[in-house]
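Dear colleague,

I am passing on the structure below, and after it you will find my notes on what turned up when I went through it. Please read them with the coordinates open beside you.

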Amino acid sequence: MNLVWKLLRRHISLPQFAGFFFANLFGMLVVLLGVQFYVDVAPVFSEKDSFINDDYLVVSKRITTVGTLSGRSNTFSPDEIEQIQVQAFCKSVGAFTSSKYKVSAAMGMQGAPAFTSEMFFESVPDEYVDMQTDAWHWTPGDDVVPVIMPRTYIALYNFGFAQSRGLPKVSDGLASMIDMIVYINAEGRHDKFKGRILGFSSRLNTILVPQSFMDWSNSHYEPGKTDEPSRLIMRVYNPTDERIAQFMQKYGYEVEDNKLDAGRATYFLKVVVGLVMLVGLLISALSFYILMLSIYLLVQKNTTKLENLLLIGYRPSQVARPYQLLTLSMNLAVLLIALLGVWCIRSYYMNIIQAIFPQMQVRGMLPAATIGAGLFCIVSCLNVWAIRHKILSIWYRKE
Amino acid sequence: MDTIRLQQVLPRVFQKQPALHSEVWMQDMCFEKGRTYLVEAASGTGKSTLCSYLLGYRRDYTGAIFFDQADISAMNIAAWVQVRQRTISHLFQELRLFPELTAYENVAIKNELTHSKTRDEIGIWFERLGISDKWDAKIGLMSFGQQQRVALMRALVQPFDFILADEPISHLDEHNSRIMGDIMTEEAQRQGAGIIITSIGKHMNLNYDKVLKL
């Protein structure tokens, strides 16, 4: 094989192959980076809420200027609740109960108080909260109250307080490290409870406590006071059902839906990444074209030698092999260098992403590696096939 | 393979030639293993064409050619590779050597494929043919006569049932063509092979079993 290689390597043009190599490297890098970036960043937008299921919608009445001035009620009457209940898209509906007494809470970390603030509590029937029942449970006499906080609080804490006071940042898993003391003031009674933060929800903009605590505390601190609910939680069969939107529109209700924004952001991310990848693929395709031209030119210049080798008994596969190995090794080098490049760039941007979203799960480089390996296989197969085809055309003297 | 049989074979380019007097074209004839043939012809009568048919790199003929009982038009690439490596050795008129390689490398590139001779055996041929000093010389720098001797050696480093030498001594003197004839005959006899030599006049002095006019 050495002598064959000695013959066939003649006329290999370094500038042409270098041109292919760098063009392909750049294209591959862009494609792989696009894939990897999408996979890394998409979870930020489509994060699942572990407490409130996707098929739960929170419904409230639209607050308008006219409504506020005219003193129109923003609460749902039992009739209105009944009317929602009977809709075809609705599986079940539950009401938010809000606290009718004054609450304030002090939060801190490792015994150091961070901030104190006035608060309010809300509760929904326990069946709407996806959590193990023993954790989401309160019985009269317990001085620890389980709490689910809005996710915005974690950002407030991480960037507002932890940053400036040198306190550790917390992620979902470390929520229980936050100390929370709840003070209830009502009609001259002052009680203190310990809050245990079970987690953070991005779908409920409220501080959620178990229904049992809410029922007990409302009747204990403000007996006799009842209010109609201003927000409802609704379980639906299909959250994308058009009839939901039509119904809400018709009665002037609003669905709190941060999923929609996330959906849009994911969509734009997809479009941008898709465009970038398209450009990368285009560059890759062009570089592939350069390679094929170079190989064809090389084969053309070496036609006599190839023909002579075939005539003295070399198999077409034997004379094609040096060129096939040449392109395979170049493709492989491109793949490995591109993956290395993606790894370097990724470790840079992942630092930033993780600083902003500490709770996000980090995935590996498998997606980029898979796509890269796939591209490598496709391009290499095409190369191998094209070279063999070219050699066979010499065998059949089609030139 | 024991026979090469031609059945009414005619190159397509000759189809319009009205009066063709040939002992090969448009005949039923047979080359047999172990015998020596001389095909004599004026230039342009299709000597190299005949060789190219037998080596499978041209197919522009009418009629049929058989290796033993097998019609060669049905042979696939693998079968032709086998023929070129093991059955028919061809000494090309245009030599088809590689000018970038040295004399020895030109022989070795075929020997690497067949592993039929040792380096020493090839060395002895170089000496007998009087070009042992050209062992490491680039083919491009050698005379055509010297190249013909290298091409002969390359043709002999393989097992064969027939050796097809297309004007092998066109550029050689009496002395060297005799040595070449000796080596070729020795090797053919050792393998029990047939020899087919074409010539436009000047030809090796061998004991021909049959002389054919093309």
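**The four-stranded sheet of chain A**

In the antiparallel pairing of β1(A) with β11(A), the bridge partner of A:S60 is A:E254, which lies in β11(A). Please keep in mind throughout that this is a predicted model. The two strands β1(A) and β11(A) are joined by 4 bridges, while on β10(A) the strand β1(A) has another antiparallel partner, with 5 bridges between them; there A:L57 is matched with A:M234 of β10(A). A further antiparallel pairing, again over 5 bridges, links β2(A) to β10(A), whose residues are 231-236, and within it A:A95 has A:L232 of β10(A) as its bridge partner.

Taken together, these strands form an open sheet of 4 strands in chain A, in the order β2-β10-β1-β11 and with antiparallel pairing. The edges are held by β2 (90-95) and β11 (253-256) of chain A, and because each of them has a single partner strand, one side of each is left without a neighbour in the sheet. Direction ignored, neighbouring strands of the sheet are turned against each other by 30° on average.

Helix α4 of chain A, residues 78-85, packs on this sheet and touches β1 (56-61), β2, β10 and β11 of chain A, its direction making about 155° with that of β2(A). Helix α7 of chain A, residues 242-251, lies across β1, β10 and β11 of chain A and runs at about 135° to β11(A).

Are the side chains on the two faces of β1(A) buried or exposed? A:Y56, A:V58 and A:S60 point one way from the strand, A:L57, A:V59 and A:K61 point the other way, and all of them are buried. Since 6 of the 6 residues of β1(A) are buried, the strand is largely enclosed by the rest of the structure.

**Elsewhere in chain A**

Chain A has 11 helices and 11 strands, and of its 399 residues 46% count as buried. Among the contacts in chain A between residues at least 6 apart in sequence, 82% join residues that are at least 24 apart.

Strand β7 of chain A, residues 144-150, has 6 of its 7 residues buried, so this strand too is largely enclosed by the rest of the structure. Its pairing with β9 of chain A, residues 189-201, is parallel and extends over 7 bridges, and in that pairing A:V147 stands opposite A:I197 of β9(A).

As for helix packing, the axes of α10 (residues 316-356) and α11 (residues 366-395) of chain A come within 9 Å and cross at roughly 160°. An angle over 145 degrees counts as roughly antiparallel, and α10(A) and α11(A) are therefore described in that way. The crossing of α10(A) and α11(A) is right-handed, and by class their contact has 19 nonpolar, 7 polar and 1 charged residues.

**A helix pair in chain B**

In chain B, the axes of α2 (residues 77-87) and α3 (residues 103-114) come within 10 Å and cross at roughly 110°, which makes α2(B) roughly perpendicular to α3(B). The crossing of α2(B) and α3(B) is left-handed. On the side of α2(B) the contact is made by B:R84, B:Q85 and B:R86, and on the side of α3(B) by B:K110, B:L113 and B:T114; by class, this contact has 1 nonpolar, 2 polar and 3 charged residues.

**Two residues with positive phi**

Most residues other than glycine have a negative phi, and for that reason two positions may deserve a look in your viewer. A:H11, which is not a glycine, has a positive phi near 75°; this residue is found in the loop between α1 (2-8) and α2 (14-45) of chain A, and with a relative accessible area of 38% A:H11 is partly exposed. B:M26, likewise not a glycine, has a positive phi of about 55° and is placed in the loop between β1 (3-11) and β2 (28-32) of chain B. B:M26 is also partly exposed, with a relative accessible area of 37%.

With best regards

How values were computed:
Residues numbered from 1 in each chain as written. Chains lettered and ligands numbered in written order. Predicted model: local features only at pLDDT ≥ 70, side-chain atom pairs only at ≥ 80, totals over all residues. Heavy atoms only, no water. Pairing = 2+ DSSP bridges. Axes fitted to C-alpha atoms, helices over the stretch in contact; angles between N-to-C directions. Contact = heavy atoms within 4.5 Å. Parallel < 35°, antiparallel > 145°, perpendicular 65-115°, else oblique. Left-handed = near helix turned anticlockwise from the far one by under 90°. Nonpolar A, V, L, I, M, F, W, Y, C, P; charged D, E, K, R; others polar. Buried < 20%, exposed > 50% of the residue type's maximum accessible area, 1.4 Å probe, protein only.
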